[in-house]
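Thank you all for coming. I would like to walk you through one structure this morning, starting from a single residue and working outwards from there.

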Amino acid sequence: MWNIIATLLVLALVAGGSFEAYEQYGSGANTQSGQNLEMEVAQSIATMNSVYGGNADFSNLTNSSAYTDKIAPSSWTYASGSGFTLPEGGTARFAPTSVNGASTQNGYTLTLSNLKSSECSALGGYYTSSTVSVSVNGTAANNPSFGGGSATWPKNLASDCTAGGTNTIVFTQIGQ
């Protein structure tokens, strides 16, 4: 009788340890995916600033030009007409926009859609000196340097990320 109980306890401990190892590995993989995407976004914004350096007119920016000008990281797969497919899953699109009421399209948006919660959380607090606003699932944080926002900028919007792969983040950047 005691042998059966001892065997069951040992099996329960082994199963619990295996589950914990799986949880830790899965969490690590999700964190890595989020960090990779953050580096890809940073690379994209830096390349955009380099390609359009000193030119405050993004009116000719399209997903096609972002592909041709190598603004998007090489790991992003270009899908003609619909933007880019990310290696982590999800999509990315570039578009010109007007910032601070300008009459020209002096900025651009980078929209990342269908992100997993771990990727959304990694990017929810990301910004650069040219970031005008960051929006996570419709909740925006605006940079006070560009006529909006508050003293709490940068606000980490990771708490606005939802479980699953349906998160959308929009970075609005101004030309430098």
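Let me begin with M48, which, leaving aside residues up to four places away in sequence, touches G53, F58, L61, I71, F94 and Y108. Before going further I should say that this is a predicted model, and everything I describe should be heard with that in mind. M48 has its place in helix α1, and because its relative accessibility is 0%, it counts as buried. If you look for K70, which is 22 residues away from M48 along the chain, you will find that the C-alpha atoms of the two are separated by 8.8 Å.

A second residue in that helix is S44, and helix α1 itself covers residues 2-51. S44 counts as buried because its relative accessibility is 1%, and, again not counting residues up to four places away in sequence, it touches I71, P73, W76, F94 and L110. So that you can compare the two lists yourselves, I71 and F94 appear among the contacts of M48, and they appear among those of S44 as well.

How far can we trust the model, and where should we be careful? The mean pLDDT of the protein chain is 80, with 79% of its residues reaching 70 or more. Over residues 10-27, however, the pLDDT is below 50, and this stretch has 0 contacts in the model beyond near neighbours in sequence. Where pLDDT is low, the predicted coordinates should not be read in detail.

Let me now step back to the whole chain. It has 3 helices and 7 strands, and, read along the sequence, these follow the pattern α-α-β-β-β-β-α-β-β-β. Of the 176 residues, 35% count as buried. If we take contacts between residues at least 6 apart in sequence, 60% of them join residues at least 24 apart.

In what order do the strands of the sheet lie? The sheet is open, has 7 strands with antiparallel pairing, and runs in the order β1-β2-β3-β4-β7-β5-β6. At its edges are β1 (77-79) and β6 (139-142), each of which pairs on one side only. On average, and ignoring direction, neighbouring strands of this sheet are turned by 20° against each other.

I would like to spend a moment on β4, which spans residues 107-115 and is joined by 7 bridges to β7, residues 167-174, the two strands running antiparallel. Strands β3 and β4 are also antiparallel and are likewise joined by 7 bridges. A good residue for seeing both pairings is T109 in β4, which has A95 standing opposite it, while its bridge partner in β7 is T172. Is β4 mostly covered or mostly open? It is mostly covered, with 8 of its 9 residues buried.

From here we come to the nonpolar core. The largest one has 29 residues, and those with the most contacts inside it are V41, W76, F94, L112, L123 and F171. At least two residues of this core come from each of α1, β3 (91-97), β4, α3 (117-123), β5 (131-136) and β7. In soluble globular proteins, nonpolar side chains tend to be buried together. To take one member, L112 stands opposite I169 in β7, and, outside four places in sequence, its contacts include V41, W76, L123 and F171.

Next, the cysteines. How many disulfides does a search of the whole structure find? It finds 1, joining C120 to C161 with an S to S distance of 2.0 Å. C120 lies in helix α3 and C161 in the loop between β6 and β7, so the pair ties together parts that are 41 residues apart in sequence. With -80° about the S-S bond, the link of C120 and C161 is left-handed, and both C120 and C161 are buried.

I will end with a residue in a loop, S75, which lies between α2 (63-68) and β1. S75 counts as partly exposed because its relative accessibility is 34%. Leaving aside residues up to four places away in sequence, S75 touches E40, T85 and P87, and its C-alpha atom is separated by 8.9 Å from that of T85, which is 10 residues away along the chain.

Terms used
Residues are numbered from 1 along each chain as its sequence is written. Side-chain values use heavy atoms; hydrogens and water are left out. Helices (H or I, at least four residues) and strands (E, at least two) are DSSP runs, numbered from the N terminus. Buried means under 20% relative accessible area, exposed over 50%, partly exposed in between (1.4 Å probe, protein chains only). Contact means heavy atoms within 4.5 Å. pLDDT is the predictor's confidence in each residue, from 0 to 100. Two strands pair if DSSP finds at least two bridges between them. Axes are lines fitted to C-alpha atoms, for helices over the stretch in contact, and angles run from 0 to 180 degrees between N-to-C directions. A nonpolar core is a set of buried Ala, Val, Leu, Ile, Met, Phe, Trp, Tyr and Cys residues joined through side-chain atoms within 4.5 Å. A disulfide is a pair of cysteine sulfur atoms within 2.5 Å.
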